[in-house]
Amino acid sequence: MRNRTCGLAPLALLAATSVTPSFPLAAQEIPQQLRPLADARLFFQVHAKGDQIYSCKSDAGQFTWTLKAPDAQLFDKEGRLFGKHFAGPSWQANDGSRVVGKAVANAPSPDPDSIPWLLVTILSHDGSGVLSRVTTVQRLNTKGGNAPASGCDASHVGQEIREPYSADYRFYGPK
């Protein structure tokens, strides 16, 4: 099994790590299909640093790395720990509020070695807090995270790998 990161660093180490969000992004640079509805407003954005977890799967004799889940820590614009991003896709803030969504659109990252940009519609909310009114999430400015092009074969079925990635997530809701 290949594991490029040996798992995420302990939370304390991540919190102490310098995180440089890549927040500046002009609206005209965002592909049309990734724009939220016109009546939505940007509440806030965070920077994610972590892994995309892939599992080696077999389907009719074809072997492919299939996304299992993201596993990332989220940081605010000052680099402070905001929360986490995990399977669902789900985002949970340190205040306990959580949202689960479904990707409704994607566009290739301008960086060909990176996972696509996404538009996610929120399907459910838990808790009251900063995420309680979020209706849409954008994933932008991705770096890394792509599944490997090889290494998944009959001898690796069921094994997992972690591919490091970073991204910016923008959270939108009603005006």
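**Exercise 1.** Determine what percentage of the residues of the chain count as buried.

*Solution.* This is a predicted model, in which local features need pLDDT of at least 70, side-chain atom pairs count only at pLDDT 80 or more, and totals for chains, interfaces and linings use all residues. Residues are numbered from 1 along each chain as its sequence is written, and side-chain values use heavy atoms, with hydrogens and water left out. Buried means under 20% relative accessible area (1.4 Å probe, protein chains only). By this criterion, 42% of the 175 residues are buried.

**Exercise 2.** Establish which elements the chain contains and how the strands are arranged.

*Solution.* Helices (H or I, at least four residues) and strands (E, at least two) are DSSP runs, numbered from the N terminus. The chain has one helix and eight strands, in the succession α-β-β-β-β-β-β-β-β. Strands pair if DSSP finds at least two bridges between them. The eight strands close into an antiparallel barrel, ordered E1-E2-E3-E4-E5-E6-E7-E8. As one instance, E4 (residues 90–93) and E5 (residues 98–107) are joined by three bridges, and Gln92 stands opposite Arg98 in E5.

**Exercise 3.** Identify the residues that touch the most other members of the largest nonpolar core.

*Solution.* A nonpolar core is a set of buried Ala, Val, Leu, Ile, Met, Phe, Trp, Tyr and Cys residues joined through side-chain atoms within 4.5 Å. The largest has 25 residues, and Trp91, Leu131, Val137, Tyr169 and Phe171 touch the most other members. Another core, of seven residues, lies apart from it and includes Leu34, Ala105, Trp117 and Leu140.

Definitions and conventions:
Buried means under 20% relative accessible area, exposed over 50%, partly exposed in between (1.4 Å probe, protein chains only).
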